[in-house]
Amino acid sequence: AVQHAWLNKHVADFKAYLGDKPVLVIGGNHDRINPVPILRAAGIDARQVLFSNQEILGFTYAGFRHITWGDNTAVDCEGKDVRWEGEAFDSELQTIVDSVFADPPDILITHSPPHGILDKSNSGNRYGISQLATALSFKPHHVRYHLFGHVHQEGGSIAKMESIGTTFSNAACTLNFIEVEKP
């Protein structure tokens, strides 16, 4: 209810800021609602990111919201253990990554980063997905941009790995503006 109320309160602000620009939405581990229907009802071209390729402005994009299964210490208001939204075991993550890389997109959008790439939190812990790092490093692909969040870093970060031709953006705590270009 809190997330619905907040989004409904600010949806006009989003519309004023975005104008007619499309918005690609990927849920996070704290997101209990899908904002796409509310944004679309307000006239915003909001699109849910899916495992399979979709097209926007001449680019293909795909992705997923899933994060690695962790030490779940979260509890609800009745003291029961709570699984974060999108939390997945290693075998589930491998299936998801394989699905996305069966036909790799130009722009990969995930909630969590690949392991070892902009995945170090302010506390010094790494929270990236190893299956994603392996796919990006060893599978043939044409992913030019990988956009994600999840791991809170001071100021966020952008990194380019020339060896695989991919620009990475962690915007968990900031806005990163990247002008995407076709090769």
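Where is Trp84 found? In this predicted model, Trp84 sits in the loop between strand S5 (67-68) and strand S6 (87-88). Its relative accessible area is 28%, so Trp84 counts as partly exposed. Follow the chain back to Gly28 and you will have gone 56 residues in sequence, yet the C-alpha atoms of Trp84 and Gly28 are 8.9 Å apart in space.

Stay in that loop for a moment and look at Glu85. The side chain of Glu85 meets that of Arg32 in a salt bridge, with 2.6 Å from N to O. This pair links distant parts of the chain, 53 residues apart: Glu85 lies in the loop between S5 and S6, while Arg32 lies in the loop between strand S1 (23-25) and helix H2 (36-41). Both partners are partly exposed, with a relative accessible area of 27% for Glu85 and a relative accessibility of 43% for Arg32.

The model has five salt bridges in total, and two others are worth a visit together. Arg40 forms a salt bridge with Asp45, their closest N and O atoms being 3.7 Å apart. A salt bridge requires the nitrogen to be within 4 Å of the carboxyl oxygen, so the pair of Arg40 and Asp45, at 3.7 Å, is counted. Asp45 also forms a salt bridge with Arg47, where the closest N and O atoms are 2.8 Å apart. Arg40, Asp45 and Arg47 are thus linked in a network of salt bridges. How accessible are its members? Arg40 is partly exposed at 47% relative accessibility, Asp45 is partly exposed at 26%, and Arg47 is partly exposed at 25%.

Now let us turn to a pair of helices. The axes of helix H3 (residues 90-101) and helix H4 (residues 130-138) come within 9 Å and cross at roughly 30°. Angles under 35 degrees count as roughly parallel, and H3 and H4 are therefore roughly parallel to each other. Their crossing is right-handed.

Which residues in H3 meet H4? On the H3 side they are Asp90, Leu93, Gln94, Val97 and Phe101. The H4 side brings Gln131, Leu132, Ala135 and Leu136 to the contact. Sorted by character, the residues of this contact divide into six nonpolar, two polar and one charged.

Conventions: Residues numbered from 1 in each chain as written. Predicted model: local features only at pLDDT ≥ 70, side-chain atom pairs only at ≥ 80, totals over all residues. Heavy atoms only, no water. Axes fitted to C-alpha atoms, helices over the stretch in contact; angles between N-to-C directions. Helix = DSSP H or I, 4+ residues; strand = E, 2+ residues; numbered from the N terminus. Parallel < 35°, antiparallel > 145°, perpendicular 65-115°, else oblique. Left-handed = near helix turned anticlockwise from the far one by under 90°. Contact = heavy atoms within 4.5 Å. Nonpolar A, V, L, I, M, F, W, Y, C, P; charged D, E, K, R; others polar. Buried < 20%, exposed > 50% of the residue type's maximum accessible area, 1.4 Å probe, protein only.
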